[in-house]
Amino acid sequence: MVTLSDIVGNTDRRWPRVEVARDVWEYARTQLAEGKWDLIAHWGEPDMVHVALREHGSGTTGILSLSARGSFPSLGRDCLPARRLERAIRDLVGLIPEQAPDTRAWLDHGRWSMRHPQGTPEQPAGPQPYAFLPVEGESLHQILVGPVHAGIIEPGHFRFTCSGETVVRLEAQLGYVHKGIESLMTGAPLERASKLAARVSGDTTVAYSTAFAQAVETACATEVPARALYLRAIMLELERLANHFGDIGGTCNDAAFSLMLANCAVMREHVLRTAQTAFGHRLMMDRVIPGGVAADLSTAGQSAIAALLKRIRKQFPAIVALYEDTASLQDRTVRTGMLRHDLAMQFGAGGYIGRASGRSFDTRKILPWAPYDTLAFETPLLQRGDVDARIRIRIAEVEQSCVLLRQMLDALPSGPIQAEVVPRAGEGTTMVEGFRGDIFAWLRLNDDGTLARCHLRDPSWFQWPLLEAAIYGNIVADFPLCNKSFNCSYSGHDL
Amino acid sequence: MSDLTVQVLQAILALGLAPLLTGMVRKTKAKLQRRRGASIFQPYRDIARLMRKEAVVSHDASWIFTAAPTFILAATWVAAALVPMFAFASGLSSAADFIVMIGLLASARFALALAGLDIGTSFGGLGSSREMLFATVAEPAILILIFALSLICGTTRLLDIAAFIQTAQIGPHISLLLAFAGLAMLAVVENGRIPVDNPATHLELTMVHEAMVLEYSGRHLAQIELAASLKLLFYVSLLSAVFLPWGLAPAGASFALIGLGLALYFVKLAGAAMLLATFEISIAKMRVFRVPQFTGVALMLGLLAVILLLVSRSF
């Protein structure tokens with residue numbers, strides 16, 4: 001049997017990229033279909049498609065590229081998670097997946113000023129009706145929600161087909177927040193591209209900046225100072241804390257239990273204020289830059305983080321107890337929105353969604369980068385895959401982030417916080433664990449240090465389809481609860 | 001003071017105080033959530049703002065949609081005005097029958113459910129169907145509870161019930177307590193409070209009452225909101241008149257007694273607002289299909305009260 005390392009060759013690089021012929025591409029499809037390899041990312045350039053893969057067992061990672069003249073063999077025929085990515089490739093680059101099972105547009109609703117913005121631009125075709133999947137059966141009715149919602153949340157259209165109150169099918173139509181980030185990055189100098197990367201999804205800006213910076217540093221072989229690596233990880237964990245607090249409270253609030261939201265919002269606010277004190281920005285946007293970090297951590301900042309950790313240790317157990325002891329709340333979260341383990345594995349769901357369904361994938365453990373390779377922490381894992389499990393994973397991750405922050409504060413090295421990035425032509429690939437899960441970044445630089453091409457893959461690509469599966473058989477009134485427990489990014493998956 | 005004056009005063013007071021009660025509940029909830037919260041007078045400002053705004057009506061709406069808010073407000077207002085708040089007034093006492101009031105509220109509910117269906121949006125239909133699902137159990141439960149009360153007091157006239165409980169030496173009465181618990185639970189269901197419905201939510205899919213009124217705007221929405229506040233006031237007044245009638249001034253009482261009744265009534269309102277807010281804070285909303293079970297408990301409480309009464313009488 002041919003393994004992934006046979007194809008990509010023996011190399012000390014973590015993400016070797018090789019150009020392959022069609023037969024190898026087809027072989028990759030069969031391996032994906034059998035679940036032997038995980039699909040990590042799938043993206044296109046005007047004359048080439050790439051697929052990033054990870055082999056189970058050996059853990060080999062690599063990128064296969066196939067040169068494409070107008071079309072390429074579809075992986076989505078047998079690999080469900082590839083389908084939406086292929087539809088996006090078709091919308092963005094104009095390459096057509098051959099024999100693709102789903103030929104509908106995904107991101108391009110016909111309202112962009114051009115078609116194929118990353119390929120050969122064409123005149124827009126105008127708004128197209130979207131053919132939702134057909135549903136048949138007696139006494140079914142449809143509920144159309146969005147794209148504009150009653151609350152202040154991101155736009156997305158959800159079409160529920162219900163039998164009474166029970167959801168028999170949910171189909172999401174996303175693509176209402178297209179910003180053209182990948183097109184804007186093409187040809188952009190590093191500084192500007194770094195800012196764009198930080199704005200892919202505002203809530204996880206540190207993770208995206210880190211992913212982008214690491215990819216640039218790999219491409220340019222930059223040695224990042226140890227202190228900068230620690231500061232990045234500190235920011236990453238602070239970001240995780242802030243978002244997990246927000247999500248724990250927000251999910252409970254969708255069950256109309258506002259007390260959890262009130263308590264968690266206070267904790268989140270403390271995290272954000274600590275970030276403001278320590279790094280000068282509440283969300284720490286643009287604080288991670290290629291070569292290092294833009295803001296150093298002062299002694300005052302260190303003690304602010306230490307005080308935050310103390311506060312969390314003191315107050316968080318009471319919040320957790322409130323969650324666990326409120327029977328009416330448990331009644332809503334337990335066994336609601338169950339995501340099956342096999343689906344989580346099939347789609348390679350990352351973050352709390354995968355971990356709540358028994359898929360223990362944590363980039364910080366599996367593809368560790370400094371300083372995570374030297375820190376002691378655990379990846380929580382649960383099997384039930386319901387809303388409750390996703391909340392409990394977050395609770396455990398909050399505790400682990402505190403453990404990590406404590407260690408990093410104690411071992412924080414001194415020294416410079418930036419290294420000079422000497423631009424050179426090359427490619428860089430990396431994966432970073434944001435709060436939602438694994439963020440994949442790949443980029444190619446020109447000699448002058450501008451970007452030839454950049455691709456950022458949000459964890460939500462593999463989580464949105466699972467939401468549709470998790471809601472099946474639940475009542476329609478439980479959808480907001482499930483949706484918030486997933487908390488997928490609309491923006492991150494629509495660049 | 002003459003009966004008629006008291007009656008008119010009560011009707012005006014009900015309308016005038018209803019938004020205040022809503023404001024007090026919201027303020028208490030905000031405080032419990034460690035928020036500052038809007039002023040307790042905010043509902044008045046909201047209603048004034050809505051009255052000034054244009055009412056947008058869907059092209060698909062029939063006359064039912066535009067007529068419903070007026071009807072709902074009128075029916076709820078009459079029901080609320082019939083409950084003795086701070087004094088007994090026999091001006092409309094022949095109409096102040098428990099069953100009449102429940103009938104008024106049920107017809108208001110019917111009108112709202114019709115209006116929800118009328119515009120043909122999926123949310124309106126969803127809300128109406130849920131509302132009717134709740135009502136099918138809630139309405140028989142209320143009637144059983146009234147039956148229990150009328151067995152104790154020998155009448156379904158609210159004034160006489162209140163007067164009986166105020167004067168009669170019935171002491172701690174197990175059936176009365178059961179009826180109180182049942183009516184309090186139904187008050188939560190009828191007013192769409194947590195854990196049955198969340199009046200503060202923005203999530204369309206979870207709404208019941210809000211889903212039916214989602215398409216209303218301007219003066220129509222103002223009427224609906226005022227009616228919702230009145231309904232809450234109705235239940236608070238009803239529970240306090242039947243189970244805590246102390247302080248209600250007798251018919252033809254002096255100004256001093258009426259003043260006392262009025263002051264006590266304010267205390268009762270504030271107490272009810274705080275109790276409701278605390279209750280709502282401490283519980284999550286239940287699944288839609290659990291609500292009939294919840295109302296079923298109220299129904300059982302009513303049945304139990306009746307059975308206990310019959311059993312104790314036969315000995």
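The following conversation between a student and a tutor concerns a predicted model with chains A and B.

Student: What kind of model is this, and how are residues and chains labelled?
Tutor: It is a predicted model, in which local features need pLDDT of at least 70 and side-chain atom pairs count only at pLDDT 80 or more, while totals for chains, interfaces and linings use all residues. Residues are numbered from 1 along each chain as its sequence is written, and chains are lettered from A and ligands numbered from 1 in the order in which they are written.

Student: How many helices and strands does chain A have?
Tutor: Chain A has 16 helices and 14 strands; helices (H or I, at least four residues) and strands (E, at least two) are DSSP runs, numbered from the N terminus.

Student: What is the radius of gyration of chain A?
Tutor: Chain A has 22 Å, in agreement with the value near 23 Å for a compact globule of 495 residues. The radius is taken over C-alpha atoms, and the globule rule is 2.2 Å times the number of residues to the power 0.38. Along the principal axes, the C-alpha atoms of chain A fill a box of roughly 65 × 60 × 45 Å.

Student: Which share of chain A is buried?
Tutor: Buried residues make up 52% of its 495 residues. A residue is buried if 20 or more other C-beta atoms lie within 10 Å of its own, exposed if 12 or fewer, and partly exposed in between, with C-beta atoms placed from the backbone.

Student: Changing topic, how many residues of chain A are in contact with chain B?
Tutor: The answer is 25 residues of chain A, in contact with 21 residues of chain B. Two residues are in contact if their C-beta atoms, placed from the backbone, lie within 7 Å.

Student: Which elements of chain A give two or more residues to that side?
Tutor: They are β7 (141–145), α8 (258–279), α10 (327–333) and α16 (479–486) of chain A.

Student: Where does β7 of chain A sit in its sheet?
Tutor: The sheet is open, has 3 strands in the order β7-β8-β9 and shows antiparallel pairing. β7 and β9 of chain A are the edge strands, each pairing on one side only. Two strands pair if DSSP finds at least two bridges between them.

Student: How many bridges join these strands?
Tutor: β7(A) and β8(A) (residues 157–163) pair over 5 bridges, and β8(A) and β9(A) (residues 166–173) pair over 7 bridges. Ile143(A) stands opposite Phe160(A), and Val145(A) stands opposite Phe158(A).

Student: What about the hairpin of β8(A) and β9(A)?
Tutor: It has 2 residues between the strands, and Gly164(A) takes a positive phi near 65°. Cys162(A) has Val167(A) in β9(A) as its bridge partner.

Student: Where is Pro147(A), and what is its peptide bond like?
Tutor: Pro147(A) lies in the loop between β7 and β8 of chain A. The bond from Gly146(A) to Pro147(A) is cis, with omega near 10°.

Student: And Ser139(A): buried or exposed?
Tutor: Ser139(A) is exposed, with 7 other C-beta atoms within 10 Å. Although Ser139(A) is not a glycine, it has a positive phi of about 55°.

Student: Lastly, which residues of α10(B) are buried?
Tutor: Among them are Gly261(B), Tyr265(B), Lys268(B) and Glu280(B). What covers the buried residues of α10(B) includes α1 (3–32) and α9 (218–243) of chain B.
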